[in-house]
Structure formats: structure tokens, C-alpha cells
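Got the viewer open and a selection box ready? Load the model below and we'll walk through it stop by stop.

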Amino acid sequence: EFFRGLDGYPHEHHEAIRRFGRFPSRNAAMGRAFTEEESAWMRSPDCPAWAKSQLPVTSADRDA
């Protein structure tokens with residue numbers, strides 16, 4: 001009941017699990033490869049900030 005009244009955060013997590021069956025943002029930490037769909041989602045504006053924050057920093061990111 002508590003989560004029904006919250007905007008964003010819990011619903012975004014539920015949607016990621018519903019869509020992919022896992023959290024794509026945890027792929028690097030878990031040693032998993034991204035599917036094409038997961039990779040496209042992670043690059044899209046639809047991907048929430050909490051998910052993008054889990055991506056590893058690359059040398060391209062540091063040089064930007």
C-alpha cells in the first residue's frame with residue numbers, strides 16, 4: 001500500500017524488472033552482457049538516472 005502512493009522510484013524499478021526480467025544497470029557488476037534492447041534503453045532518455053548511475057565509467061567519460 002505504501003508504494004502505491006509514491007511517484008517514480010519504485011514504479012521505475014518494477015518496470016525495469018517487468019520489461020527485462022532483471023536490472024540491466026547491474027549487468028557490469030554481475031558480469032553480464034547487455035542485450036541490444038537493454039543497451040538501447042540505457043542510452044535512451046527513458047532510462048532513469050538511478051539506472052544510468054550504475055554504469056561503469058569509461059575513459060571516454062573521463063575525457064569529456
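Helices (H or I, at least four residues) and strands (E, at least two) are taken as DSSP runs and numbered from the N terminus. With that in hand, select A33: its place is in the loop between helix 2 and helix 3.

A word on the ground rules before going further. You're looking at a predicted model, where local features need pLDDT of at least 70 and side-chain atom pairs count only at pLDDT 80 or more, while totals for chains, interfaces and linings use all residues. Residues are numbered from 1 along each chain as its sequence is written, and side-chain values use heavy atoms, with hydrogens and water left out.

**The whole fold**

Colour by secondary structure. You should find 5 helices and 0 strands, and the pattern along the sequence reads α-α-α-α-α. Now switch on the surface: the protein exposes about 4900 Å², with carbon and sulfur atoms supplying 54% of that (Shrake-Rupley method, 1.4 Å probe).

For single residues, buried means under 20% relative accessible area, exposed means over 50%, and partly exposed is in between (1.4 Å probe, protein chains only). Of the 64 residues in the protein, 23% are buried. As for contacts (heavy atoms within 4.5 Å), take those with a separation of 6 or more: residues 24 or more positions apart account for 24% of them.

**Back to A33**

Is A33 buried or exposed? A33 is exposed, at 62% relative accessible area. Show what lies around A33, leaving aside neighbours within four places in sequence, and you get contacts with R22, N27 and E38. Keep R22 and E38 displayed, as they come up again shortly.

**Salt bridges**

Here the rule is a side-chain nitrogen of Lys or Arg within 4 Å of a carboxyl oxygen of Asp or Glu. How many salt bridges does that give? The count comes to 3.

Start with R18 and E15, whose side chains meet at 2.5 Å, N to O. Both sit in helix 1 (residues 9-20), 3 residues apart, which is about one turn of the helix. R18 is exposed, with a relative accessible area of 54%, whereas E15 is partly exposed at 33%.

Next, pick E37 and R19. Their closest N and O atoms are 3.2 Å apart, and they form a salt bridge. E37 lies in helix 3 (residues 36-43) and R19 in helix 1, so this pair ties together parts that are 18 residues apart in sequence. Both count as partly exposed: E37 at 42% relative accessibility, R19 at 38%.

The last stop in this group is E38 with R22, a salt bridge with its closest N and O atoms 2.7 Å apart. It links distant parts of the chain, with E38 in helix 3 and R22 in the loop between helix 1 and helix 2 (27-30), 16 residues apart. Colour these two by accessibility: E38 is buried, at 2% relative accessible area, while R22 is partly exposed at 22%. Both of them also touch A33, where the tour began.

**Aromatic pairs**

Hide the charged side chains and show rings instead. A pair of aromatic rings is described by the distance of the centres and the angle of the planes. Rings of Phe, Tyr and Trp (its six-membered ring) pair if their centres lie within 6.5 Å; planes under 30 degrees apart are stacked, over 60 edge-to-face, and the rest tilted. By this rule there are 2 aromatic pairs.

Select F20 and W41. Their ring centres are 5.2 Å apart and the planes meet at 50°, so the pair is tilted. F20 belongs to helix 1 and W41 to helix 3, so the pair ties together parts 21 residues apart in sequence. F20 is buried, with a relative accessible area of 14%, and W41 is buried too, at 9%.

Then move to F23 and W50: centres 6.0 Å apart, planes at 90°, so this one is edge-to-face. The pair links distant parts of the chain, F23 in the loop between helix 1 and helix 2 and W50 in helix 4 (residues 49-52), 27 residues apart. F23 is partly exposed, at 28%, but W50 is buried, at 17%.

**Last stop: S25**

Leave W50 on screen and add S25, which lies in the loop between helix 1 and helix 2. S25 counts as buried, at 3% relative accessibility. What does S25 touch, not counting residues up to four places away in sequence? Expand the selection and you'll find M42, W50, A51 and Q54.
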